[in-house]
Amino acid sequence: MSVLADKIEQFILTKLLEEQEGITVRRNELAETLDCAPSQISYVLSTRFSNDRGFIVQSRRGLGGSITITRILEPQSTHVLIPLQQHVQRRNEEEPQITIGHVDKVLFQHMQEARITKREAAMLHEAFLRILTDVPMEYRKESAERFYEAIMNIVNEEV
């Protein structure tokens with residue numbers, strides 16, 4: 001289920017990056033697009049798009065069931081580089097301190113502050129996702145942290 005759940009989550013996050021106001025989708029249409037059961041969409045929404053993770057999910061039943069997903073905005077900050085130690089708990093030394101949820105939260109904040117475009121945020125999301133899933137475990141932590149730091153330094157530069 002985790003590969004399919006990751007695919008569903010990635011699809012929804014990409015759509016959220018494209019739309020600043022949030023998205024509204026029909027559960028059955030989304031399930032058909034992603035070739036899965038509507039219950040699998042519900043599972044991903046309840047486990048990966050909770051209030052604790054910075055989302056508001058509103059469901060309506062009937063006629064395929066529409067779902068509205070909105071990202072909860074954090075207050076604007078003047079210093080945008082979010083120190084990893086403050087926001088991401090380490091599970092063990094081998095795992096990266098950066099999660100895709102953390103990256104998306106920071107990218108969304110940068111979009112709101114007009115520091116990056118939707119397209120740039122989507123490209124960075126994909127780049128981070130590749131590092132966090134495709135880089136061998138022994139290099140993943142360092143690769144993710146170095147890439148994160150480099151990108152945040154570039155984004156925070158005054159032009």
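1. Read from its N terminus, the chain runs through its secondary structure in the order α-β-α-α-β-β-α-α-α-α. This amounts to seven helices and three strands. The model under review is a predicted one.

2. Of the 159 residues in the chain, 39% are buried. Among contacts with a separation of 6 or more, 62% join residues that lie 24 or more positions apart.

3. Helix 5, covering residues 100-112, packs with helix 6, covering residues 118-134, at an angle of about 165°, and their axes are 10 Å apart. Since angles over 145 degrees count as roughly antiparallel, helix 5 and helix 6 are therefore roughly antiparallel to each other. The crossing of helix 5 past helix 6 is right-handed.

4. On the helix 5 side, this contact involves Ile-100, Val-103, Asp-104, Leu-107 and Met-111. Helix 6 contributes Lys-118, Ala-121, Leu-124, His-125, Phe-128, Leu-129 and Leu-132. By class, the residues in the contact of helix 5 with helix 6 are nine nonpolar, one polar and two charged.

5. Helix 6 also packs with helix 1 (residues 2-18): their axes come within 8 Å and cross at roughly 155°. That angle makes helix 1 roughly antiparallel to helix 6. The crossing of helix 1 and helix 6 is right-handed.

6. Helix 1 enters this contact through Gln-10, Leu-13, Thr-14, Leu-17 and Glu-18. The residues of helix 6 that take part are Lys-118, Ala-121, Ala-122, His-125, Glu-126, Leu-129 and Arg-130. Here the division is five nonpolar, three polar and four charged residues. Ala-121 of helix 6 is thus listed in the contact with helix 5 and in the contact with helix 1.

7. In soluble globular proteins, nonpolar side chains tend to be buried together. The largest nonpolar core in this model has 21 residues. Those with the most contacts inside the core are Ile-100, Val-103, Leu-107, Met-111, Ile-116, Ala-121 and Tyr-148. Helix 5, helix 6 and helix 7 (137-156) are the elements that each give two or more residues to this core.

8. Leu-107 illustrates how this region is connected. With neighbours within four places in sequence left aside, Leu-107 is in contact with Ile-116, Ala-121, Leu-124 and His-125. Leu-107 is also one of the helix 5 residues that meet helix 6.

9. Another core, of 18 residues, lies apart from the largest one. Its members include Leu-16, Ile-23, Leu-34 and Val-44.

Terms used: Residues numbered from 1 in each chain as written. Predicted model: local features only at pLDDT ≥ 70, side-chain atom pairs only at ≥ 80, totals over all residues. Heavy atoms only, no water. Axes fitted to C-alpha atoms, helices over the stretch in contact; angles between N-to-C directions. Helix = DSSP H or I, 4+ residues; strand = E, 2+ residues; numbered from the N terminus. Parallel < 35°, antiparallel > 145°, perpendicular 65-115°, else oblique. Left-handed = near helix turned anticlockwise from the far one by under 90°. Contact = heavy atoms within 4.5 Å. Nonpolar A, V, L, I, M, F, W, Y, C, P; charged D, E, K, R; others polar. Core = buried A, V, L, I, M, F, W, Y, C linked by side-chain atoms within 4.5 Å. Buried < 20%, exposed > 50% of the residue type's maximum accessible area, 1.4 Å probe, protein only.
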